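The following questions and answers examine one protein chain. Each answer works towards the value or name requested.

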Amino acid sequence: DLIASQGFDTRSFTPINQLGTTSGPAIGSKVWLRGRVTSLRAKGNACFLVLRDSPFATVQACHFKMKGEQADTSKQLLKFASGLTLESIVDIYGTVVTADVKGCSQNNVEVQIDKMFTVSTAPATLPFLLEDAARSQAEIDASSSSDRPFASVSPDVRYNNRWLDLR
């Protein structure tokens with residue numbers, strides 16, 4: 001009874017790949033999501049996050065600064081979100097709304113954030129990002145003549161920094 005981690009969480013998380021489908025939550029529903037922050041843009045009065053809960057399921061979550069009584073809370077949420085690091089795991093409570101999102105697997109919906117909590121913060125400097133490791137050698141070679149070539153992640157570095165060992 002003295003250890004707080006023994007408590008049970010009553011949150012029911014919705015898998016990201018169910019959002020925007022007929023079997024998933026309806027538009028306007030409140031949902032809990034847990035995922036990794038894949039990309040983050042926070043500037044001024046808005047922030048946009050892309051969450052990933054599996055290698056291929058991504059959804060956009062956004063928050064815009066509110067006016068009136070909720071202005072302070074909204075401003076704090078924007079400040080909190082802007083300080084997140086990529087690959088951090090977050091819990092988001094929000095509303096499912098229709099949207100036209102081009103860069104996510106769930107491209108017909110997004111989640112408007114009401115609450116956000118950090119479950120696990122990733123280090124600010126990771127050995128490499130998932131997108132760097134996923135690039136083919138042909139893409140890396142093609143970018144070598146451009147003004148911003150892609151970084152090459154050797155197989156040894158990939159093997160030495162595995163998150164999941166499938167042996």
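Q: In which strand does W32 lie, and is W32 buried or exposed?
A: In this predicted model, W32 lies in strand β1. Its relative accessible area is 15%, and a residue under 20% counts as buried. W32 of β1 is therefore buried.

Q: Which residues is W32 in contact with, leaving aside its neighbours within four places in sequence?
A: Several contacts of W32 carry low residue numbers, namely R11, S12, F13 and T14. The others are D91, I92, Y93 and F117. The list of contacts is thus R11, S12, F13, T14, D91, I92, Y93 and F117.

Q: How many Å apart in space are W32 and M116, C-alpha to C-alpha?
A: In sequence, W32 and M116 are 84 residues apart. In space, their C-alpha atoms are separated by 9.6 Å.

Q: In what order do the five strands close into a barrel?
A: The chain holds five strands along with four helices, and its pattern along the sequence is β-β-β-α-β-β-α-α-α. In the barrel, the pairing of the strands is mixed, and the twist from one strand to the next averages 55 degrees. The order of closure is β1-β2-β3-β5-β4.

Q: Which residue of β4 stands opposite L33?
A: β1 and β4 run antiparallel and are joined by seven bridges. Within β4, the residue opposite L33 is I92.

Q: Which residue in the turn between β1 and β2 has a positive phi?
A: Seven bridges join β1 to β2 in the antiparallel sense, and R41 has F48 of β2 as its bridge partner. The two strands form a hairpin with two residues between them. The phi in this turn is about 65 degrees, and the residue that has it is G44.

Q: What is the bridge partner of L51 in β3?
A: β2 and β3 are antiparallel and share seven bridges. The hairpin that joins them passes through five residues. V59 appears among the contacts of L51, together with others including I16, L33, V90 and I92. The bridge partner of L51 in β3 is V59.

Q: Which residue of β5 is the bridge partner of Q60?
A: β3 and β5 run parallel and are joined by three bridges. In β5, the partner of Q60 is E110.

Q: Why is β3 largely enclosed by the rest of the structure?
A: The strand β3 has seven residues. It is largely enclosed because the number of its residues that are buried is six.

Q: Which element gives the largest share of the largest nonpolar core?
A: The largest nonpolar core has 22 residues, and those with the most contacts inside it are L33, L49, L51, I92 and M116. Two or more residues come from each of β1, β2, β3, α1, β4 and β5. The largest share is four residues, and the element that gives it is β5.

Q: About how many degrees does the direction of α1 make with that of β5?
A: The helix α1 packs on the sheet and touches β1, β2, β3 and β5. The angle between the directions of α1 and β5 is about 65 degrees.

Q: How far apart are the end C-alpha atoms of α1?
A: α1 has twelve residues, and at 1.5 Å a residue it should span 16 Å. The separation of its end C-alpha atoms agrees with this, being 17 Å.

Q: What arc around the axis do the buried residues of α1 cover?
A: The residues A71, S74, L77, L78 and A81 of α1 are buried. They lie on the same side of α1 because of the arc that they cover, which is only 125 degrees.

Q: Which residues are exposed on the other side of α1?
A: The buried residues of α1 pack against β1, β2, β3 and β5. On the other side of the helix, the exposed residues are D72, T73, K75, Q76 and K79.

Q: What is the phi of E87, in degrees?
A: E87 is placed in the loop between α1 and β4, and with a relative accessible area of 8% it is buried. Most residues other than glycine have a negative phi. E87 is a residue other than glycine with a positive value, near 75 degrees.

Q: What percentage of the residues of the protein chain count as buried?
A: The protein chain has 167 residues. Of these, the share that counts as buried is 33%.

Key
Residues are numbered from 1 along each chain as its sequence is written. This is a predicted model: local features need pLDDT of at least 70, side-chain atom pairs count only at pLDDT 80 or more; totals for chains, interfaces and linings use all residues. Side-chain values use heavy atoms; hydrogens and water are left out. A nonpolar core is a set of buried Ala, Val, Leu, Ile, Met, Phe, Trp, Tyr and Cys residues joined through side-chain atoms within 4.5 Å. Buried means under 20% relative accessible area, exposed over 50%, partly exposed in between (1.4 Å probe, protein chains only). Contact means heavy atoms within 4.5 Å. Two strands pair if DSSP finds at least two bridges between them. Axes are lines fitted to C-alpha atoms, for helices over the stretch in contact, and angles run from 0 to 180 degrees between N-to-C directions. The expected span of a helix is 1.5 Å times one less than its number of residues. The arc is that of the directions from the helix axis to the C-beta atoms.
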